[in-house]
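User: I'd love a close look at one small part of this protein, and then a walk outward from there through the rest of the fold. Could you take me through it at an unhurried pace?

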Amino acid sequence: MAEKLNILLVGSGGREHALAWKLRQSPRCATLYCAPGNAGIAQEAEIAALDADDHAAVIDFCREKEIGLVVIGPEAPLVAGLADDLAAAGFTAFGPSAAAAQLEGSKGFTKDLCAEFDIPTAAYQRFNNAPKAKRYVRETGAPIVIKADGLAAGKGVTVAESVEAACEAIDDCFEGAFGEAGAEVVVEECLVGEEASLFALCDGQTALLLGTAQDHKRVGEGDTGPNTGGMGAYSPAPILTQELIDEVMAEIIVPTLAGMHARGMPFRGILYAGLMLTETGPKLIEYNVRFGDPECQVLMPRLEADLVELMLAAATGSLLEVDEPQWREETALTVVMAAKGYPGSYEKGSVIGGIGKAEAGGALVFHAGTKAEGGSVVANGGRVLNVTALGANVTEAQAKAYAGIDAIHWPQGFCRRDIGWRAIAPENQRA
C-alpha cells in the first residue's frame, strides 16, 4: 500500500470543511491538520494556530509535522505565492504558483490570455483611470459589466443596467471601495444566457474533468438583490450536457493550459471556469484558481475517487497515471445559512442549535463562519453553515437539504428557500 501522509489544509470556510471531510476518507491520509479551521473542521482535523500570510511559519510547521501534502483552499494565499515558497522549501503543495494564480488574481491578465489564445469570452477593454473607462461606457452603452481587476472576495463585479450605474461602479473601483483590487478595471460586454461552472484538475499539461455545478450568487430568492460569495449550489449542472462539456474542455480549458505553458507559468491545481452558455456557445466569464465555495460542498459528496491521490497527481505532474474519477449518480444540493444582514453588516456570536439533528436526518452540515465557544457552536462570519444533501435529482436533493435546514435552530440566521429552482422546473415538466 502507498505511504500515508500528514496533510496540512489551509483555510477556514465551508469549502475547507468539505475538503477536510473528503481528505480524511483517503487511505493515504495519516494526520490531517488545518489552519486556521473552524468549529466543524475541528471534528475532522487537528487545528493549527498558523497565519497563512506568514509563509516562514507555515514552512516551519511543515518541517516540524513532516507534512507530505499542503492543500491551499482560498485564493489569497495562492496569489501571494504560498505554493511557490512551499515548493522552494521542498514541500508538495496543491495549488498554482503566484504567476499561474494571476488567472484569478487579475481579470485583465485572463482577458489578455483569452485574446492571445483565441479562447471564447466577452469583448472587453482594460482601463487604469476613470475618465477613459467612463468614455468607453458612454460610447458602448448598457447593459455592461464593470470588474475590479484584482481579488475582491467575489464582490468586485457590477452588472450595470444603465450608463449611470456603470459610471458609479467605475468610481467605486478607483475611489478605493475594493482596495488595491480596483486600481485597474475591466469593462466587458454583458453576456446573455445561463451560468454554469466546470472544474478541471490540472498538472501543468493535462486536464481532467472534475465535475460541474451551478450556484446562486445573489442574496435574494429568484436570484435578486446584491451579489454574495454564493447562497447555494447543486451538482452536476443539468444544463452542461456531455456535448457542451467536451466543447468547454476543447475550446476553453485545453487552450488555457497550453497558453499558460507557453508563457512559462504552467497551471497546476484546480481550474474553476465560470461559464455563460450563450446562443453562440459557451464563453468564459472568469477563472478561479481554487475550488468554489459553495460548489466544493456539492462536488466532494459526489466524488468517489481518492482526493489525496488526485491532488498529488496534479501537484507532481502525473495526472496521466491516475484513473478517471468516478462519481455517485445522485445530485447534491447545498443551501447556505447566513447571518441576518449579510452581505452587508451582521452580528457575530449567536448560538446555533440542532446541527446534530440535521445530520441525524441525513444531511451533511459543512461549517463556514463558525467557532466553538463554551461547548456551543456560535456564528463567526457572514456565511455560516452549508447544509448539503444527496437525492435522485435536484428536486429530491433540495427537499432533503431543506429538511436539514428546518432541523437547525438559529433565529439570527437566514437562507434562500429556492436553491435549485432553475433545474427543478424542467424536472417537474419531465415528471
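In the hairpin of E12 and E13, which residue takes a positive phi, and how many residues lie between the strands?

Analyst: Happy to, with one note at the start: this is a predicted model. The residue you are after is Gly 222, with a positive phi near 75°. Three residues lie between the strands of that hairpin. Strand E12 covers residues 218–220 and strand E13 covers residues 224–227; they pair in the antiparallel sense, over two bridges. Across the hairpin, Arg 218 stands opposite Asn 227 in E13.

A positive phi also turns up at a residue that is not a glycine: Asp 118, where phi is about 60°. Asp 118 sits in the loop between helix H6 (107–116) and E6, and E6 takes us to a sheet.

Four strands make up this open sheet, in the order E6-E9-E7-E8, with antiparallel pairing. Its edges are strand E6 (124–127) and strand E8 (157–160), each of which pairs on one side only. From one strand to the next, the twist averages 20°. Strand E7 (residues 144–148) is joined to E8 by four bridges, and the two run antiparallel. Within this pairing, Val 145 has Val 159 in E8 as its bridge partner.

Two helices lie across these strands. Helix H7 (residues 130–140) lies across E6, E7 and strand E9 (185–189), at about 155° to E6. Helix H8 (residues 163–174) lies across E6, E7, E8 and E9, and runs at about 5° to E7. The loop between H7 and E7 holds Pro 143, and the peptide bond from Ala 142 to Pro 143 is cis, with omega near 0°. Another cis peptide bond joins Tyr 342 and Pro 343, with omega about 10°; Pro 343 is in the loop between strand E17 (331–339) and strand E18 (351–352).

Now for a helix pair. The axes of helix H1 (residues 14–23) and helix H11 (residues 307–315) come within 8 Å and cross at roughly 105°. The two helices are therefore roughly perpendicular to each other. At their contact, Leu 19, Lys 22 and Leu 23 of H1 meet Leu 307, Val 308 and Met 311 of H11. By class, the contact has five nonpolar residues, no polar ones and one charged.

Leu 19 also leads us to the largest cavity, as one of the residues that line it. Its companions in the lining include Val 71, Ile 72, Phe 94, Pro 96, Ile 270, Arg 290 and Phe 291. The volume of this cavity is about 50 Å³, and its lining divides into nine nonpolar, two polar and one charged residue.

Finally, there is the second largest pocket, with about 290 Å³ of space. Its lining has 16 residues, and the closest to the centre are Thr 212, Pro 236, Leu 240, Ile 245 and Arg 302. Strand E11 (207–215) and helix H9 (242–262) each supply at least two residues of this lining, and E11 gives the largest share, with three. By class, the pocket lining has nine nonpolar, five polar and two charged residues.

How values were computed:
Residues are numbered from 1 along each chain as its sequence is written. This is a predicted model: local features need pLDDT of at least 70, side-chain atom pairs count only at pLDDT 80 or more; totals for chains, interfaces and linings use all residues. Side-chain values use heavy atoms; hydrogens and water are left out. Two strands pair if DSSP finds at least two bridges between them. Axes are lines fitted to C-alpha atoms, for helices over the stretch in contact, and angles run from 0 to 180 degrees between N-to-C directions. Contact means heavy atoms within 4.5 Å. Angles under 35 degrees count as roughly parallel, over 145 as roughly antiparallel, 65 to 115 as roughly perpendicular and the rest as oblique. Ala, Val, Leu, Ile, Met, Phe, Trp, Tyr, Cys and Pro count as nonpolar, Asp, Glu, Lys and Arg as charged, and the others, Gly among them, as polar. On a 1 Å grid over the protein atoms alone, a cavity is a set of points where a 1.4 Å probe fits but cannot get out, and a pocket is an open set with protein on both sides within 12 Å along at least five of seven lines; lining residues have an atom within 4 Å of a point. Grid points are joined across faces, edges and corners, and a volume is the space filled by probe spheres set on the points.
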